[in-house]
Amino acid sequence: MTGRLQSAAGTQEFPAVAQQFPLASAMGAGSLLACLFSLAYLESTLRTVRRGRTGPGKYVTAVPLGALFGLGGWLLVAVLAEHEPALPYGIGCAAAGVLAAVSTVWATSARKAASRA
């Protein structure tokens, strides 16, 4: 597959498929780092919940972390599959990430409350 660039000087053809491994790109490495960061930060939030912290802050923290995890996973899969990312799938993955993160925090909170009773 080749691309074509036309200018006043003439036409230039170039390969449209990268020769490097997909994770070596900025989008590949960045999406992997975003996933790892969001998981590490969510685990840190869960640790504070297990230690007895109460309040709505744990859910407020879980929402952007879940969205970041969903978007990072969406971009990572798109990069590794060498497909162009489609926005509707990205929105769906972000929503699924938010749902997963909030559910995880809720389950940890309920488990901690049940162990106290």
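A crossing is left-handed if the near helix is turned anticlockwise from the far one by less than a right angle, and right-handed if clockwise. The legends below use these words.

This is a predicted model, in which local features need pLDDT of at least 70 and side-chain atom pairs count only at pLDDT 80 or more, while totals for chains, interfaces and linings use all residues. Residues are numbered from 1 along each chain as its sequence is written, and side-chain values use heavy atoms, with hydrogens and water left out.

**View 1. Helices α2 and α3 cross in a right-handed way.**
Helices (H or I, at least four residues) are DSSP runs, numbered from the N terminus. The axes of α2 and α3 come within 7 Å and cross at roughly 140 degrees. Axes are lines fitted to C-alpha atoms, for helices over the stretch in contact, and angles run from 0 to 180 degrees between N-to-C directions. The angle makes α2 oblique to α3. Angles under 35 degrees count as roughly parallel, over 145 as roughly antiparallel, 65 to 115 as roughly perpendicular and the rest as oblique. On the α2 side, the contact is made by K58, Y59, A62, V63, G66, A67, G70, L71 and W74. On the α3 side, its residues include L87, Y89, G90, C93, A94 and G97. Also among them are V98, A101, V102, V105, W106 and S109. Contact means heavy atoms within 4.5 Å. The residues of this contact divide into 15 nonpolar, five polar and one charged. Ala, Val, Leu, Ile, Met, Phe, Trp, Tyr, Cys and Pro count as nonpolar, Asp, Glu, Lys and Arg as charged, and the others, Gly among them, as polar.

**View 2. Helices α1 and α2 cross in a left-handed way.**
Their axes come within 8 Å and cross at roughly 155 degrees. That makes α1 roughly antiparallel to α2. The residues of the contact divide into 16 nonpolar, seven polar and one charged.

**View 3. Helix α1 passes α3 in a right-handed crossing.**
Here α1 covers residues 26–50 and α3 covers residues 87–116. The two axes come within 9 Å and cross at roughly 20 degrees. That makes α1 roughly parallel to α3. From α1, the contact takes L42, L46, V49 and R50. From α3, it takes A101, T104, V105, T108, S109 and K112. These residues divide into five nonpolar, three polar and two charged.

**View 4. The buried residues of α1 are covered by neighbours that include α2 and α3.**
Buried in α1 are G28, S31, A34, C35, S38, L42, T45, L46 and V49. Buried means under 20% relative accessible area, exposed over 50%, partly exposed in between (1.4 Å probe, protein chains only). The 25 residues of α1 should span 36 Å at 1.5 Å a residue, and its end C-alpha atoms are 36 Å apart, which agrees. The expected span of a helix is 1.5 Å times one less than its number of residues. Just after α1, G52 takes a positive phi of about 105 degrees.

**View 5. What covers the buried residues of α2 includes α1 and α3.**
These buried residues are K58, A62, L65, G66, G70, G72, W74, L76, A78 and V79. G73 is also in helix α2. G73 is partly exposed, with a relative accessible area of 23%. From G73 to L33 the C-alpha distance is 10 Å, although the two are 40 residues apart in sequence.

**View 6. The buried residues of α3 pack against α1 and α2.**
They are G90, A94, G97, A101, V105, T108 and S109. The helix has 30 residues. From its first C-alpha to its last, α3 reaches 44 Å, close to the 44 Å expected at 1.5 Å a residue.

**View 7. G55 sits in the loop between α1 and α2.**
G55 is partly exposed, with a relative accessible area of 32%. S109 is 54 residues from G55 in sequence. In space, their C-alpha atoms are 10 Å apart.

**View 8. E82 lies in the loop between α2 and α3.**
Its place is just after α2. Phi of E82 is near 60 degrees, a positive value in a residue other than glycine. Most residues other than glycine have a negative phi. E82 counts as exposed, at 57% relative accessibility.

How values were computed
Helices (H or I, at least four residues) and strands (E, at least two) are DSSP runs, numbered from the N terminus.
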